[in-house]
Amino acid sequence: MTPAAAVRDAAIAALVAFGLFAMLVGLRTDVSPTGGLFLRQRWADVALLCGIVFAGRLALTLWLGRRALRPSTGPTPLTLQLQRLGRFFAPAMLAAALVLPFIPGIGRYELDIGILVLTYVMLGWGLNIVVGLAGLLDLGYVAFYAIGAYSYALLAQYFGLSFWICLPLAGILAAFWGVILGFPVLRLRGDYLAIVTLAFGEIIRVVLINWASLTGGPNGISGIPRPTFFGLPFSMSGGEGSFAGFFGLEPSPSHRVIFLYYLIFFLALLTNWVTIRLRRQPLGRAWEALREDEIACRSLGINIRDTKLSAFAIGAMFGGFAGAFFATRQAFISPESFTFIESAIILAIVVLGGLGSQVGVAVAALVMIGGFEVFRNLEEWRMLVFGAAMVVIMVLRPRGLIGTRTPTIALKEKRIIGKDLVGEGRG
Amino acid sequence: MAYALQQLINGISLGMIYGLIAVGYTMVYGIIGMINFAHGDIFMISAFIALIAVILLSLGGLMDGPAAILLVLVISMAITALYGWTLERVAYRPLRGSFRLAPLISAIGMSIVLQNYVQVSQGARVKPLEPLVPGGIEVMRDGAFVVQFSYIQMLIIAVTLVVLAVFTILVTRTPLGRAMRACEQDRRMAALLGIDTDRTISLTFVIGASLAAVAGTMYLLRYGVIDFYIGFLAGVKAFTAAVLGGIGSLPGAVLGGLLIGLIETFWSAYFSVQYKDVAAFSILAITLIFLPTGLLGRQEVEKV
Amino acid sequence: MTAPDDRRPRSEGDRRHPRGMILEVAGLTMRFGGLTAVSAVSFAALRGEITAVIGPNGAGKTTLFNCITGFYRPSSGAIRLHRTGELPVDLHGLPGHRIAQAGVARTFQNIRLFPGMTALENLLVAQHNKLMAATGFGIGAVLGLSRYPKAERQAIELARHWLSATHLLDRADDPAGALPYGAQRRLEIARAMCTEPTLLCLDEPAAGLNPRESEELARLLQEIRAQGTSLLLIEHDMGVVMKISDRVVVLDHGKLIADATPAEVRADPKVIAAYLGEGEEDEVEA
């Protein structure tokens, strides 16, 4: 494109930007003390935005060419490098996560972020089973997270059960609900399945809000028991029966944080381990086959409904585990934590990481959730940047960060398969 | 009886709003096979533009009579259409023909962007607007209960019917409509036959966004309270309506919208307001179990 | 080979002696709305034989095939699978995956492999039910507490056998979607054979193959027959049909017009008329 044409192009873009921003940015509606509405004018902001659009568009067309915005599905130098490093990358990440609490300079705040990231890694891995392996688009995954959290909170509150008993129960209950939901709807295709799962997520949330006598309604449940170290509470008094007392340590509030960190680390690893094992088993292969071609699966005698249900239930189970962990970590839960946006973020982590790729999902969770926390000082702009990042990553890499599949078995050697061959599922 | 009649009037006027948004979902789905998740937020943006237009016109002393409302509607439609066009251009066109989930994630990202953009630029507080079209006619009286058919409800029904009529003519009788239907059937073949598919898809977004703008403006006039979050629930409901009617089917979208509006209204009136969303979603799930492609959707024949 | 008098089991009387039959189709009708794609078709495929279904385009061959393999539910009529030493199984009315479990495997006209999985993985998916049982339905396998490793070794051996029978052994670790067209066709047959079927149904296996590949295919099919699996195939390539089929069933406009040996069918004036009527005489060159 000639410079003159590029300038004209950028001018048009700026004009469009003016059309977009003139009213919504230029005129801010505010409620006056009397209750009426009045407008404040902010034309400088509009001019600034139009200028940014003009400059950005010009820079894009002149320096990078239009090629920059074409999505790439093939391996880029970056991913090839990542793959070469992959063998060391995953263990290195694992080792870093393992020693994180003992790295000097890692305080409570950093560990809290670590716990949050690991929670999303686990949720991403759980959803990865459903979306990445079985190819079923689930937009209501947060429902199982909520079921796990409320299961623990209610079982602890009403029956006084301990965390270690409730954890498996929460997973089982979530899996049970996964089956209940999945049974009627799994024969639906693609986007029909998506909307029904989304609706299910919303139904669960609405019920949690309105069934106030059981769930505490919008106020949620507080005072959920904190986890114990297999029976030893983390108390500050440091008595005989407490964690610090038992091991003869100085009582410290960081003990519990470190314990929670290792708890979620272990739960996430469990998810990963089960997924990796299942992928090499007939069940996992059937999931992937289902994603590739459902009709062919049927012709091979695979019971499609049961296979889909198993993926749904196992994915839901890990969501339930994560939920129980969330409840014990926060000691307080309310329906507000389980909105659609959570489902969307978990799904985004799976897709951005690369469907079916365990390492990709972990990296995506780290980048999205960690990044989100790092940009805390952006305040209200934070979500805006978060959404924009989702769009930009998708436009640049529609198949996610790691867009390849590793075979589960080989006669001679496992060669990595490019994503252009791998199906994405229709269910 | 009188009570039920009132609910019928309320349900139809609410259903019309859902129907208008649902048409946008279904059109985009029909033509490029993706869920335009940001469509609900386009609706929300249109309500804000209409609000600003109303305030601007009131400042000039012009906010008076049907002409002013028409002007607000036109302003909102025009600017929202520009948003629809930009949305497709920025977030979806680069992903055309790629992997199915990528545009969906991009759409969810855009939905987050639009919501927070309005939150940042217009503030998080709820914006109340004085009713612009007060009053109505008394349809019938049953003891102390008066069935009211408000002017704004009449306006909603009349405007929606006119807009849908124009839209139907546009889709069935014009070259643009033919191009849209051709793209829907087979985009590559349509391109080979000389149809500018990029332009057709852009126009689909423009039309969908303007219909959402009609809905947004009507919503503002009817309820008078908006905030940056109204797009999510309205969007989900409208999408539910589109799926209920059979996604890809335009009459189905309107029918689905009406049904969702009626279900919600009657459920709130006779059972409980809290669970009205649960009722709408449950009916969707039950319908899909028996009619997997919705009420008016084409039955998908499995080619083996 | 079965006795000649056993080869026309179409009447009520023959049904009482189904010793040589593997698949029995009786009065099969399939309607789509107002269109009758298959109308009252009856025939039988015999054990240890290759039965070909031919006919001009639109004769109803693929519809018939989809009814047999459970992808369509017939409007009326019966389809029965006769297995040695067991009661006959009614295939009509069974869901698709149960038909495959009963011992009917199929391939598809427009190849349906799992393109992102390797050839070997494709063949292991085909042995899903057997392997799944060996894993204790998933639970035992995760814990590593089962007879799964042995079952998997056997499954790999079976896969290796069919990979070498289809000349794909050196492509075992390549993704199925990256194989050339002819290799994909062969892999699909290998995958179907890994379900260890009693009846293998092939939908136009020679479509798109060059003459040399067609030759190889014919040899492969004869080999499969020799190993004890009966075959039913739809085919357009008359060279292949006439060379390997033991029996040819001819459909035209949804009706059965001939059921005889290849030589008889070639001379049948009704068959010739059916093809000539379509203006496709080159298809009967044989």
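**View 1. Glu204(C), a buried residue in a loop of chain C.** In this predicted model, Glu204(C) has 20 other C-beta atoms within 10 Å. A residue counts as buried at 20 or more such atoms, so Glu204(C) is classed as buried. The loop that holds Glu204(C) runs between β7 (199–203) and α9 (211–226) of chain C. Glu204(C) is not a glycine, yet its phi is positive, at about 50°.

**View 2. His167(C), a partly exposed residue in a loop of chain C.** The loop in this view lies between α7 (148–165) and α8 (181–193) of chain C and contains His167(C). Phi of His167(C) is positive, near 55°, in a residue other than glycine. Around His167(C) there are 14 other C-beta atoms within 10 Å. Partly exposed residues fall between the limits of 12 or fewer for exposed and 20 or more for buried, which is why His167(C) is called partly exposed.

**View 3. The crossing of helices α2(B) and α8(B).** Helix α2 covers residues 39–59 of chain B, and helix α8 covers residues 197–223 of chain B. Their axes come within 7 Å and cross at roughly 55°; α2(B) and α8(B) are therefore oblique to each other. The crossing in which α2(B) passes α8(B) is right-handed. On the α2(B) side, the contact is made by His39(B), Ile42(B), Phe43(B), Met44(B), Ser46(B), Ala47(B), Ala50(B) and Leu51(B). The α8(B) side includes Gly208(B), Ala209(B), Ala212(B), Gly216(B), Tyr219(B) and Leu220(B). By class, the residues of this contact are 12 nonpolar, 5 polar and no charged.

**View 4. The side of chain B that touches chain A.** Here 55 residues of chain B are in contact with 53 residues of chain A. On the chain B side, at least two residues each come from α2, α3 (65–92), α4 (101–122), β1 (127–128), α9 (230–245) and α11 (276–290). Helix α4(B) gives the largest share, 16 residues. The side of chain B that touches chain A is made up of 38 nonpolar, 11 polar and 6 charged residues.

**View 5. Helix α10 of chain A, residues 254–279.** With 26 residues at 1.5 Å a residue, α10 of chain A should span 38 Å. The C-alpha atoms at its ends are 37 Å apart, which agrees with that span. Buried residues of α10(A) include Val257(A), Leu260(A), Tyr261(A), Ile264(A), Phe265(A) and Leu267(A). Also among them are Asn272(A), Thr275(A), Leu278(A) and Arg279(A).

How values were computed: Residues are numbered from 1 along each chain as its sequence is written. Chains are lettered from A and ligands numbered from 1 in the order in which they are written. This is a predicted model: local features need pLDDT of at least 70, side-chain atom pairs count only at pLDDT 80 or more; totals for chains, interfaces and linings use all residues. Helices (H or I, at least four residues) and strands (E, at least two) are DSSP runs, numbered from the N terminus. The expected span of a helix is 1.5 Å times one less than its number of residues. Axes are lines fitted to C-alpha atoms, for helices over the stretch in contact, and angles run from 0 to 180 degrees between N-to-C directions. Angles under 35 degrees count as roughly parallel, over 145 as roughly antiparallel, 65 to 115 as roughly perpendicular and the rest as oblique. A crossing is left-handed if the near helix is turned anticlockwise from the far one by less than a right angle, and right-handed if clockwise. Two residues are in contact if their C-beta atoms, placed from the backbone, lie within 7 Å. Ala, Val, Leu, Ile, Met, Phe, Trp, Tyr, Cys and Pro count as nonpolar, Asp, Glu, Lys and Arg as charged, and the others, Gly among them, as polar.
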